[in-house]
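I opened this entry to look up how the sheet is put together, what packs against it, and what surrounds the ligand.

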Amino acid sequence: MQVQVLSAVGGEPRRRYLRKEKYKSMKIIAINGSPRKNWNTHILLEKCLDGAKEAGAETELIHLYDLNFKGCTSCFVCKLKDVTVEKCAMNDELKPVLEKIRACDALVLGSPVYFGDVTGEMRSFLERLLFPYSSYELKPSSFGKTINTAFIYTMNAPKFALPFVNYNLIFKKNRKNITRIFGNSTYQVVTSTYQFDDYNKYAISVFNGEKRLKRRETVFKKDCRKAFLLGKKLYNIIRL
Ligand SMILES: Cc1cc2nc3c(=O)[nH]c(=O)nc-3n(C[C@H](O)[C@H](O)[C@H](O)COP(=O)(O)O)c2cc1C
(Lines give C-alpha, C1' and ligand atoms only; values in the text may rest on other atoms or scores of the structure.)
Protein backbone atom coordinates (compact mmCIF):
# COMPACT_ATOMS: atom_id res chain seq x y z
CA MET A 1 0.00 0.00 0.00
CA GLN A 2 2.72 2.39 0.99
CA VAL A 3 4.67 1.53 -2.20
CA GLN A 4 1.62 2.38 -4.34
CA VAL A 5 1.35 5.86 -2.84
CA LEU A 6 5.05 6.51 -3.35
CA SER A 7 5.06 5.21 -6.93
CA ALA A 8 2.77 7.84 -8.43
CA VAL A 9 5.30 8.92 -11.08
CA GLY A 10 6.71 6.28 -13.40
CA GLY A 11 7.19 3.75 -10.62
CA GLU A 12 9.62 6.10 -8.88
CA PRO A 13 8.97 6.91 -5.21
CA ARG A 14 7.07 10.24 -5.16
CA ARG A 15 9.28 11.64 -2.42
CA ARG A 16 12.39 11.21 -4.60
CA TYR A 17 10.60 12.64 -7.64
CA LEU A 18 9.68 15.82 -5.75
CA ARG A 19 13.23 16.24 -4.49
CA LYS A 20 14.56 15.91 -8.05
CA GLU A 21 12.10 18.55 -9.29
CA LYS A 22 13.10 20.95 -6.53
CA TYR A 23 16.77 20.71 -7.42
CA LYS A 24 16.32 20.51 -11.19
CA SER A 25 19.29 22.48 -12.53
CA MET A 26 18.62 25.80 -14.21
CA LYS A 27 19.89 26.42 -17.70
CA ILE A 28 21.70 29.73 -18.13
CA ILE A 29 22.71 30.93 -21.59
CA ALA A 30 25.35 33.57 -22.33
CA ILE A 31 25.49 35.40 -25.66
CA ASN A 32 28.80 36.97 -26.69
CA GLY A 33 28.25 39.98 -28.93
CA SER A 34 31.96 40.66 -29.37
CA PRO A 35 33.75 39.46 -32.50
CA ARG A 36 36.79 38.63 -30.33
CA LYS A 37 37.12 35.39 -28.43
CA ASN A 38 39.08 35.31 -25.16
CA TRP A 39 38.93 39.08 -24.85
CA ASN A 40 37.13 41.31 -22.37
CA THR A 41 33.47 40.54 -23.11
CA HIS A 42 34.00 36.81 -23.58
CA ILE A 43 36.10 36.53 -20.40
CA LEU A 44 33.47 38.36 -18.32
CA LEU A 45 30.69 36.16 -19.71
CA GLU A 46 32.72 33.05 -18.85
CA LYS A 47 33.19 34.34 -15.30
CA CYS A 48 29.48 35.00 -15.04
CA LEU A 49 28.74 31.44 -16.17
CA ASP A 50 31.36 30.12 -13.70
CA GLY A 51 29.38 31.82 -10.91
CA ALA A 52 26.12 30.31 -12.18
CA LYS A 53 27.80 26.89 -12.51
CA GLU A 54 29.10 27.08 -8.95
CA ALA A 55 25.56 27.79 -7.80
CA GLY A 56 24.40 24.67 -9.65
CA ALA A 57 23.34 25.87 -13.10
CA GLU A 58 23.86 24.18 -16.41
CA THR A 59 25.44 26.74 -18.76
CA GLU A 60 26.11 27.42 -22.42
CA LEU A 61 27.98 30.21 -24.17
CA ILE A 62 27.13 31.21 -27.75
CA HIS A 63 29.30 33.46 -29.93
CA LEU A 64 27.10 35.57 -32.20
CA TYR A 65 29.93 36.17 -34.65
CA ASP A 66 30.14 32.41 -35.34
CA LEU A 67 26.60 32.49 -36.69
CA ASN A 68 25.26 33.50 -40.06
CA PHE A 69 22.14 35.55 -39.39
CA LYS A 70 20.38 38.83 -40.07
CA GLY A 71 18.35 41.27 -38.00
CA CYS A 72 14.56 41.45 -38.13
CA THR A 73 13.24 41.86 -41.69
CA SER A 74 9.78 43.14 -40.67
CA CYS A 75 7.97 40.11 -42.09
CA PHE A 76 5.47 40.35 -39.17
CA VAL A 77 4.77 36.60 -39.18
CA CYS A 78 5.18 36.75 -35.39
CA LYS A 79 2.26 39.21 -35.26
CA LEU A 80 -0.24 37.16 -37.30
CA LYS A 81 -3.60 36.62 -35.59
CA ASP A 82 -3.51 32.81 -35.81
CA VAL A 83 -0.02 32.51 -34.32
CA THR A 84 -0.36 30.96 -30.90
CA VAL A 85 3.33 30.72 -29.98
CA GLU A 86 5.16 33.83 -31.08
CA LYS A 87 8.27 32.73 -32.93
CA CYS A 88 10.63 34.39 -35.32
CA ALA A 89 9.90 32.97 -38.77
CA MET A 90 13.39 33.63 -40.13
CA ASN A 91 15.19 30.40 -40.82
CA ASP A 92 18.88 30.99 -40.31
CA GLU A 93 21.60 30.03 -37.82
CA LEU A 94 20.03 32.15 -35.07
CA LYS A 95 16.83 30.09 -35.07
CA PRO A 96 18.13 27.25 -32.81
CA VAL A 97 19.65 29.84 -30.46
CA LEU A 98 16.30 31.62 -30.10
CA GLU A 99 14.66 28.26 -29.40
CA LYS A 100 17.21 27.50 -26.67
CA ILE A 101 16.56 30.91 -25.12
CA ARG A 102 12.83 30.24 -25.10
CA ALA A 103 13.50 27.21 -22.90
CA CYS A 104 16.25 28.69 -20.68
CA ASP A 105 15.92 29.90 -17.09
CA ALA A 106 18.25 32.89 -17.25
CA LEU A 107 20.09 34.83 -19.90
CA VAL A 108 23.24 36.96 -19.92
CA LEU A 109 24.21 39.11 -22.87
CA GLY A 110 27.59 40.73 -23.44
CA SER A 111 28.68 43.38 -25.89
CA PRO A 112 31.51 45.84 -26.38
CA VAL A 113 30.38 49.42 -26.95
CA TYR A 114 30.84 50.30 -30.63
CA PHE A 115 30.21 53.95 -31.47
CA GLY A 116 28.15 54.49 -28.35
CA ASP A 117 25.94 51.42 -28.75
CA VAL A 118 26.12 47.63 -28.80
CA THR A 119 27.82 45.89 -31.74
CA GLY A 120 25.92 45.43 -35.00
CA GLU A 121 25.52 41.68 -34.42
CA MET A 122 24.16 42.25 -30.90
CA ARG A 123 21.71 44.83 -32.28
CA SER A 124 20.48 42.35 -34.92
CA PHE A 125 20.24 39.64 -32.29
CA LEU A 126 18.18 41.87 -29.97
CA GLU A 127 15.72 42.68 -32.78
CA ARG A 128 15.23 38.97 -33.45
CA LEU A 129 15.02 38.08 -29.75
CA LEU A 130 12.71 40.84 -28.53
CA PHE A 131 10.34 41.63 -31.37
CA PRO A 132 8.46 38.28 -31.52
CA TYR A 133 7.63 38.64 -27.82
CA SER A 134 6.79 42.37 -28.06
CA SER A 135 3.04 42.33 -28.10
CA TYR A 136 1.02 44.83 -30.11
CA GLU A 137 -1.88 44.06 -27.80
CA LEU A 138 -2.42 45.24 -24.24
CA LYS A 139 -0.05 42.73 -22.60
CA PRO A 140 3.53 43.98 -22.99
CA SER A 141 5.16 40.56 -23.41
CA SER A 142 4.13 37.21 -24.78
CA PHE A 143 7.22 35.38 -23.49
CA GLY A 144 5.00 33.66 -20.95
CA LYS A 145 7.34 33.52 -17.95
CA THR A 146 9.74 35.71 -16.01
CA ILE A 147 13.45 34.97 -16.21
CA ASN A 148 16.48 36.74 -14.81
CA THR A 149 18.56 38.52 -17.43
CA ALA A 150 21.72 40.59 -17.36
CA PHE A 151 23.84 42.59 -19.78
CA ILE A 152 27.60 43.06 -19.54
CA TYR A 153 28.99 46.05 -21.46
CA THR A 154 32.70 46.59 -22.06
CA MET A 155 34.25 49.79 -23.40
CA ASN A 156 37.34 51.91 -23.83
CA ALA A 157 35.74 54.92 -22.18
CA PRO A 158 36.69 55.60 -18.57
CA LYS A 159 33.96 55.53 -15.94
CA PHE A 160 34.05 59.29 -15.30
CA ALA A 161 33.26 59.97 -18.99
CA LEU A 162 30.04 57.93 -19.12
CA PRO A 163 27.63 60.78 -18.21
CA PHE A 164 29.23 62.99 -20.88
CA VAL A 165 28.89 60.41 -23.66
CA ASN A 166 25.38 59.39 -22.52
CA TYR A 167 26.17 55.67 -22.56
CA ASN A 168 24.03 55.21 -19.45
CA LEU A 169 20.98 56.15 -21.52
CA ILE A 170 21.74 53.28 -23.91
CA PHE A 171 22.24 50.81 -21.04
CA LYS A 172 18.99 51.91 -19.39
CA LYS A 173 17.06 51.83 -22.68
CA ASN A 174 18.23 48.24 -23.30
CA ARG A 175 17.36 47.28 -19.73
CA LYS A 176 13.86 48.70 -20.19
CA ASN A 177 13.26 46.82 -23.45
CA ILE A 178 14.63 43.55 -22.03
CA THR A 179 12.70 43.91 -18.76
CA ARG A 180 9.46 44.48 -20.68
CA ILE A 181 9.86 41.08 -22.33
CA PHE A 182 11.56 38.93 -19.68
CA GLY A 183 10.42 40.70 -16.52
CA ASN A 184 13.78 41.17 -14.91
CA SER A 185 17.09 42.69 -15.95
CA THR A 186 20.26 44.24 -14.63
CA TYR A 187 23.56 45.31 -16.17
CA GLN A 188 27.29 45.53 -15.44
CA VAL A 189 29.51 48.21 -16.95
CA VAL A 190 33.23 47.51 -17.48
CA THR A 191 35.23 50.58 -18.46
CA SER A 192 38.79 51.38 -19.63
CA THR A 193 39.32 47.90 -21.02
CA TYR A 194 42.62 46.52 -22.26
CA GLN A 195 42.13 46.61 -26.02
CA PHE A 196 45.39 45.34 -27.58
CA ASP A 197 47.92 42.73 -26.54
CA ASP A 198 50.76 45.12 -27.42
CA TYR A 199 49.95 48.85 -27.32
CA ASN A 200 53.40 49.65 -28.81
CA LYS A 201 52.38 48.16 -32.15
CA TYR A 202 49.51 50.59 -32.70
CA ALA A 203 49.20 54.33 -33.33
CA ILE A 204 47.56 55.42 -30.08
CA SER A 205 48.26 58.55 -28.09
CA VAL A 206 45.02 58.92 -26.14
CA PHE A 207 45.30 55.68 -24.13
CA ASN A 208 48.28 54.68 -22.05
CA GLY A 209 49.10 51.00 -22.64
CA GLU A 210 51.03 50.58 -19.38
CA LYS A 211 48.20 52.03 -17.31
CA ARG A 212 45.70 49.84 -19.14
CA LEU A 213 47.80 46.73 -18.50
CA LYS A 214 48.03 47.58 -14.81
CA ARG A 215 44.28 48.12 -14.71
CA ARG A 216 43.79 44.77 -16.44
CA GLU A 217 45.66 43.09 -13.59
CA THR A 218 43.83 44.96 -10.83
CA VAL A 219 40.45 46.54 -11.66
CA PHE A 220 39.54 44.04 -14.40
CA LYS A 221 40.10 41.21 -11.93
CA LYS A 222 37.52 42.86 -9.67
CA ASP A 223 35.19 43.25 -12.67
CA CYS A 224 35.58 39.51 -13.28
CA ARG A 225 34.69 38.81 -9.67
CA LYS A 226 31.59 41.02 -10.01
CA ALA A 227 30.62 39.08 -13.15
CA PHE A 228 31.08 35.83 -11.20
CA LEU A 229 28.76 37.08 -8.44
CA LEU A 230 26.30 38.27 -11.07
CA GLY A 231 26.21 34.71 -12.40
CA LYS A 232 25.41 33.42 -8.91
CA LYS A 233 22.64 36.01 -8.60
CA LEU A 234 21.23 35.04 -11.99
CA TYR A 235 20.85 31.52 -10.66
CA ASN A 236 18.68 32.85 -7.87
CA ILE A 237 14.98 33.04 -8.48
CA ILE A 238 14.84 36.10 -6.23
CA ARG A 239 14.55 39.45 -8.03
CA LEU A 240 17.89 41.00 -8.95
C1 LIG B 1 34.48 49.46 -34.17
C2 LIG B 1 34.77 49.84 -32.74
C3 LIG B 1 34.08 50.90 -32.17
C4 LIG B 1 34.29 51.21 -30.82
N5 LIG B 1 33.59 52.24 -30.27
C6 LIG B 1 33.75 52.53 -28.97
C7 LIG B 1 32.98 53.58 -28.37
O8 LIG B 1 32.16 54.23 -28.99
N9 LIG B 1 33.18 53.81 -27.04
C10 LIG B 1 34.07 53.10 -26.29
O11 LIG B 1 34.18 53.36 -25.10
N12 LIG B 1 34.81 52.10 -26.83
C13 LIG B 1 34.66 51.79 -28.15
N14 LIG B 1 35.39 50.76 -28.70
C15 LIG B 1 36.28 49.96 -27.84
C16 LIG B 1 35.62 48.66 -27.36
O17 LIG B 1 34.33 48.89 -26.87
C18 LIG B 1 36.43 48.03 -26.21
O19 LIG B 1 37.75 47.87 -26.59
C20 LIG B 1 35.81 46.73 -25.78
O21 LIG B 1 36.22 46.39 -24.47
C22 LIG B 1 36.17 45.58 -26.71
O23 LIG B 1 35.58 44.38 -26.26
P24 LIG B 1 36.27 42.96 -26.51
O25 LIG B 1 37.62 43.04 -25.87
O26 LIG B 1 35.39 41.98 -25.88
O27 LIG B 1 36.34 42.79 -28.00
C28 LIG B 1 35.24 50.46 -30.05
C29 LIG B 1 35.96 49.41 -30.66
C30 LIG B 1 35.74 49.12 -32.01
C31 LIG B 1 36.51 47.98 -32.65
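Before counting partners I fixed the term: two strands pair if DSSP finds at least two bridges between them. The model is a predicted one, and I read everything below with that in mind.

**The sheet.** I began with the pair formed by strand β3 (residues 106-112) and strand β4 (residues 148-154), which run in the parallel sense and are joined over 7 bridges. Looking up Pro-112 in this pair, I found that its bridge partner in β4 is Thr-154. I then followed the pairing outward and obtained an open sheet of 5 strands with parallel pairing, in the order β2-β1-β3-β4-β5. Which strands stand at the edges? They are β2 (58-63) and β5 (185-190), and each has a single partner strand, so one side of each is left without a neighbour in the sheet. For the twist I noted that neighbouring strands of this sheet are turned by 15 degrees against each other on average, direction ignored.

**Helix α3.** I next turned to the helix spanning residues 40-55, α3, which lies across β1 (27-32), β2, β3, β4 and β5 and runs at about 175 degrees to β1. I also checked α3 against helix α9 (residues 219-235): the two axes come within 6 Å and cross at roughly 45 degrees. Angles from 35 to 65 degrees fall outside the roughly parallel and roughly perpendicular ranges, and α3 is therefore oblique to α9. The crossing in which α3 passes α9 is right-handed. Among the residues that make the contact I listed Ile-43, Leu-44 and Lys-47 of α3, and Phe-228, Leu-229 and Leu-230 of α9. By class, the residues of this contact divide into 13 nonpolar, 2 polar and 5 charged.

**The ligand.** Last, I looked up which residues come nearest to the ligand, and of the 17 around it these are Trp-39, Thr-41, Pro-112, Met-155 and Ala-157. Pro-112 is thus a residue I had already met, as the bridge partner of Thr-154. Helix α3 also returns here, since it gives the most to the shell around the ligand, with 3 residues. I closed by sorting the shell by class, which gave 7 nonpolar, 9 polar and 1 charged residues.

Definitions and conventions:
Residues are numbered from 1 along each chain as its sequence is written. This is a predicted model: local features need pLDDT of at least 70, side-chain atom pairs count only at pLDDT 80 or more; totals for chains, interfaces and linings use all residues. A residue is near a molecule or strand if its C-beta atom, placed from the backbone, lies within 6 Å of it. Helices (H or I, at least four residues) and strands (E, at least two) are DSSP runs, numbered from the N terminus. Ala, Val, Leu, Ile, Met, Phe, Trp, Tyr, Cys and Pro count as nonpolar, Asp, Glu, Lys and Arg as charged, and the others, Gly among them, as polar. Axes are lines fitted to C-alpha atoms, for helices over the stretch in contact, and angles run from 0 to 180 degrees between N-to-C directions. Angles under 35 degrees count as roughly parallel, over 145 as roughly antiparallel, 65 to 115 as roughly perpendicular and the rest as oblique. A crossing is left-handed if the near helix is turned anticlockwise from the far one by less than a right angle, and right-handed if clockwise. Two residues are in contact if their C-beta atoms, placed from the backbone, lie within 7 Å.
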